[in-house]
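Trainee: Hi! Could you show me how to read a structure, one feature at a time?
Mentor: Gladly. Let us look at it together.

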Amino acid sequence: MMQPMNPQQALRRLASLCVRREYCAADMYAKMKLWGISKTEQTKIIDYLMREKYIDEARYCRAFAREKLRFSRWGARKIRLSLAAKHIDAETIDAAIDELDDGEYTSILRDLLARKAQTITAKSTYERDQRLLAFAAGRGFSPDEARKCLAEI
């Protein structure tokens, strides 16, 4: 177990982390809680990090959404739920999702469905399509988006 850290050490460490990659306030609060930083000090540190632009929730949301779409191949619904779990407001989340490239989004979904369709054994086209729709829903894509891409496959 780590020994408790003083607020100045925590601030330096968090600023150092934020320089290397994007973090949201919820991630920082979780780290400070583990380090034994008091609630009032946590709030002061987060306020400073946000004021100095070490933490920017909108920037974090954009980076998170792009990363999850491109590398994890998540749909908008799953991205939205993950960001909401980090206590980010809905407007910021919506703005980040709206910035995703529609062509790339559709291309990723189409590719996912085409690959999955090759592995599914179904007795009918209807059964295959239902399984593919369930798969797409699990990845966070809406049924309408999935149906549109299924029609193209």
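Trainee: Where does His87 lie?
Mentor: First, a word of care: what you see is a predicted model. To place a residue, we ask which element it belongs to, or which elements flank it. His87 lies in the loop between H5 and helix H6 (90-98).

Trainee: Is His87 buried or exposed?
Mentor: We judge that by relative accessible area, and exposed means over 50%. His87 has 69% relative accessibility, so it counts as exposed.

Trainee: And what can I learn from the phi angle of His87?
Mentor: Start with the general idea. Most residues other than glycine have a negative phi. His87 is not a glycine, yet its phi is positive, at about 65 degrees. Arg73 is another case to look at: its phi is about 60 degrees, again positive, and it is not a glycine either.

Trainee: Where is Arg73 placed?
Mentor: Look in the loop between helix H4 (57-72) and helix H5 (76-85). Arg73 has a relative accessible area of 26%, so we call it partly exposed.

Trainee: Let me step back. How many helices and strands are there in the chain?
Mentor: Counting elements is a good habit. The chain has nine helices and zero strands. Read from the N terminus on, the elements run α-α-α-α-α-α-α-α-α.

Trainee: What does the radius of gyration tell me about the chain?
Mentor: Here we set the value beside a rule for globules. For 153 residues, a compact globule would have a radius of gyration near 15 Å, whereas this chain has 20 Å. You can also picture a box along the principal axes: the C-alpha atoms fill one of roughly 65 × 35 × 25 Å.

Trainee: How much of the chain is buried?
Mentor: Of the 153 residues, 36% are buried. We can also look at the surface itself: the chain exposes about 9500 Å², and 50% of that comes from carbon and sulfur atoms.

Trainee: Which residue could I use to practise on burial?
Mentor: Try Trp35. The loop between helix H2 (25-34) and helix H3 (39-51) holds this residue. The cut-off for buried is under 20% relative accessible area. Trp35 is at 10%, so it counts as buried.

Trainee: How far is Trp35 from Pro7?
Mentor: It helps to compare distance along the chain with distance in space. Trp35 and Pro7 are 28 residues apart along the chain, and their C-alpha atoms are separated by 9.5 Å.

Trainee: How far apart in space are Gln42 and Glu99?
Mentor: Their C-alpha atoms are 31 Å apart, with their positions 57 residues apart in sequence. Gln42 itself lies in helix H3 and, because its relative accessible area is 4%, is buried. Leaving out residues up to four places away in sequence, Gln42 touches Tyr29, Met32, Lys33 and Ile37.

Trainee: Which residues is Ala117 in contact with?
Mentor: Again we set aside neighbours within four places in sequence. Ala117 is then in contact with Arg128 and Leu132. The C-alpha atoms of Ala117 and Arg128 are separated by 7.4 Å, and the two residues are 11 apart along the chain. Ala117 is found in helix H7 (residues 102-119), and at 18% relative accessibility it counts as buried.

Trainee: What about Thr119, is it buried or exposed?
Mentor: Thr119 also lies in helix H7, but its relative accessibility is 56%, so this residue counts as exposed. From Thr119 to Arg131 the C-alpha distance is 11 Å, for 12 residues in sequence.

Trainee: Contacts can be summed over the chain too, I suppose. What share of them join residues at least 24 apart?
Mentor: Among contacts between residues at least 6 apart in sequence, 60% join residues at least 24 apart.

Trainee: How many disulfides does the structure hold?
Mentor: We look for pairs of cysteine sulfur atoms within 2.5 Å. The structure holds zero disulfides. Cys61, for example, is in none: the nearest cysteine sulfur belongs to Cys24 and is 7.9 Å away. Cys61 counts as buried because its relative accessibility is 0%, and Cys149 counts as buried at 2%.

Trainee: Last one: how far apart are the mean positions of the positive and negative charges?
Mentor: The chain has 29 positive and 22 negative charges, and their mean positions are 7 Å apart.

Conventions. Residues numbered from 1 in each chain as written. Predicted model: local features only at pLDDT ≥ 70, side-chain atom pairs only at ≥ 80, totals over all residues. Heavy atoms only, no water. Helix = DSSP H or I, 4+ residues; strand = E, 2+ residues; numbered from the N terminus. Buried < 20%, exposed > 50% of the residue type's maximum accessible area, 1.4 Å probe, protein only. Rg over C-alpha atoms; globule rule 2.2 N^0.38 Å. Contact = heavy atoms within 4.5 Å. Areas by Shrake-Rupley, 256 points an atom, 1.4 Å probe, with all protein chains shown as cover. Lys, Arg positive; Asp, Glu negative; His and termini not counted. Charge placed at Lys NZ, Arg CZ, Asp CG, Glu CD.
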